[in-house]
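Biologist: I have a model open and would like to go through its charged residues and its domains with you. Could you put it up so that we are looking at the same thing?

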Amino acid sequence: MAPDVDAPSAPADPTMAGVGSGVESAVADLGAGRGPSWLDSWLRENSPRVVAWRRHIHANPELSRAEYETTAFLREKLTSAGLRPRVLPKGTGLICDIGRGSKTIALRADIDALPLTESTGLPFSSTVEGVAHACGHDAHTTVLLGTALALANAPELPGRIRLIFQPAEEVMPGGALDVLATGALDGVDRIFGLHCDPRLPVGSIGTRVGAITSASDLLELRLSSPGGHTSRPHLTADLVHGLGSVITGLPMLLSRRVDPRTGTVLTWGAVHAGEAPNAIPQNGVLTGTLRTGDRTTWAKLEPLVHELVHSLLSPLGIGFDLQHRRGVPPVVNDSESTEILRAGVVAGLGEQALASTPQSSGGEDFGWYLEHVPGSFARLGVHSGVGRVKDLHQPTFTLDERALLVGIRVMVNTALQALKN
């Protein structure tokens, strides 16, 4: 790892490779003149480096709980700035405190990538086959790293800011549980986070009071039957027919047992049974995701799903084993924390940057943090305004790099607002 340096033009940092002289226009400093003057100065001097960090992380993605090089990269940058990051016990992810005082505000970013093959054609595309930052975690990580180094240059801070670089957000159980197991939220008063949103233009921040994401669980249903000949289904238990009954019947029954206003959705992703067209198979498997936007409903779904599967398969004489893996709760923003975040947006960008955002049916393990402390999670606009929207989790996902500086402004000003509140 190359040492971090103060001068933005220093050639010794390999992460600057490929960042040309035009980078300043690529990251035009939206919001300049707002917030603390030392933040303006830091962003002017370091915007090319911020872009270089993001491109380095983007080109070198790592899967969940294997983010060793990313962790080492972050540790070196933080340490070079005089900070003392602590690597999490499993070897990936870090926690780093800045400042001191009785009040502690946490800021979180996720650092893992997805098992996807990138097809953007960017000069800094993923160099790792079958792995890509197609969800914007490279931007989240860069924003928090920039926030850390900017805060390290602040003349003074009115309290403590805890930076959480979290691994394994893309899997269940997620890395938020690993962070919580270390006691990282002990003494924390509030926590804040950002997530890229390609539906919002760069310079906009989407906020929402209440649920902003949904709970997400994994279902794996294994069916069993004696098997038999397809000419005599009455002499056995027709396993494929049972799979079909569950595929169509379980979503329908849930729609009649769960309040539709909760946004509860069951979608199957994979099904497999048998090989021969004239043989009823003995085993089959069905997997999918179950999502809901309501915290109370989420707590009731597991026994309800088991009851409904039994009601569908029992008349057919088919045995089953249901693995209901609870994934993440909804991210539920409390009103006071959201007002603090909005104040941070206004302080750093101006009133025009505030935008509303709908509740997403996607899951986010930031919700686990909000089970312990109040906080708020917002959407970071990353669309350049040119061309069609390229959505998250697609091989073609890209973002406007000006959003990196926007994110740093929001995180720094939100932390300061929260400490002073």
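**Charged pairs and domains**

Modeller: Let me begin with Asp 178, which is buried, with a relative accessible area of 17%. Please keep in mind that this is a predicted model.

Biologist: Which side chain does Asp 178 meet in a salt bridge?

Modeller: The partner of Asp 178 is Arg 65, and the N to O distance in that salt bridge is 3.0 Å. Arg 65 is partly exposed, with a relative accessible area of 29%.

Biologist: And what does the pair tie together?

Modeller: Asp 178 sits in helix H5 (residues 175-181), whereas Arg 65 belongs to the loop between helix H2 (37-59) and helix H3 (68-80), so the salt bridge ties together parts that are 113 residues apart in sequence.

Biologist: How many salt bridges turn up in the whole structure?

Modeller: The search finds 21 salt bridges. One of them links Glu 339 and Arg 342, with the closest N and O atoms 2.8 Å apart. These two residues are 3 apart in helix H8 (residues 335-349), which means that about one helical turn separates them. Glu 339 is partly exposed at 44% relative accessible area, and Arg 342 is also partly exposed, at 22%.

Biologist: Which residues are joined into a network by salt bridges that share partners?

Modeller: Arg 54, Arg 55, Asp 138 and Glu 401 are joined into one network in that way.

Biologist: What about Asp 259 and Arg 261, how is each one placed, buried or exposed?

Modeller: Asp 259 counts as partly exposed, at 33% relative accessibility, while Arg 261 counts as exposed, at 75%. Their side chains meet in a salt bridge, with 2.8 Å from N to O.

Biologist: Switching to Asp 112, where does that one lie?

Modeller: Asp 112 is in the loop that runs between strand E3 (104-110) and helix H4 (137-152). Asp 112 is buried and yet has no salt bridge, the nearest side chain of opposite charge being that of Arg 108, 7.2 Å away.

Biologist: Why does Arg 108 not count as a salt-bridge partner there?

Modeller: A salt bridge needs a side-chain nitrogen of Lys or Arg within 4 Å of a carboxyl oxygen of Asp or Glu, and Arg 108 is 7.2 Å away from Asp 112.

Biologist: Then what does the side chain of Asp 112 make a polar contact with?

Modeller: That contact is with the side chain of Ser 64, at 2.7 Å. Leaving aside residues up to four places away in sequence, Asp 112 touches several others, among them Glu 62, Glu 67, His 133, His 137, Glu 169 and Glu 170.

Biologist: Now the domains, please. What are their bounds?

Modeller: The domain assignment gives domain 1 as 37-213 + 331-420 and domain 2 as 215-325. Their contact takes 9 residues from domain 1 and 7 residues from domain 2, and the centres of the two domains, taken over C-alpha atoms, are separated by 37 Å.

Biologist: How much area is buried between domain 1 and domain 2?

Modeller: The buried area is about 610 Å², and carbon and sulfur atoms give 55% of that. On the domain 1 side, Met 172, Ser 361 and Glu 371 lose the most area to domain 2, together accounting for 57% of what that side buries.

Biologist: And how many salt bridges and polar pairs are counted between domain 1 and domain 2?

Modeller: The count is 1 salt bridge, along with 3 residue pairs in polar contact. As for Glu 371, it forms a salt bridge with Arg 295, in which the closest N and O atoms are 2.8 Å apart.

Definitions and conventions:
Residues are numbered from 1 along each chain as its sequence is written. This is a predicted model: local features need pLDDT of at least 70, side-chain atom pairs count only at pLDDT 80 or more; totals for chains, interfaces and linings use all residues. Side-chain values use heavy atoms; hydrogens and water are left out. Helices (H or I, at least four residues) and strands (E, at least two) are DSSP runs, numbered from the N terminus. Buried means under 20% relative accessible area, exposed over 50%, partly exposed in between (1.4 Å probe, protein chains only). Lys and Arg count as positive and Asp and Glu as negative; His and the chain ends are not counted. A polar contact is a pair of N or O atoms within 3.5 Å; within protein, one must be able to donate a hydrogen and the other to accept it, and residues adjacent in sequence count only if both atoms are side-chain atoms. Contact means heavy atoms within 4.5 Å. Domain bounds come from an automatic or database domain assignment. Buried area is the accessible area (1.4 Å probe) that two parts lose on being put together, summed over both.
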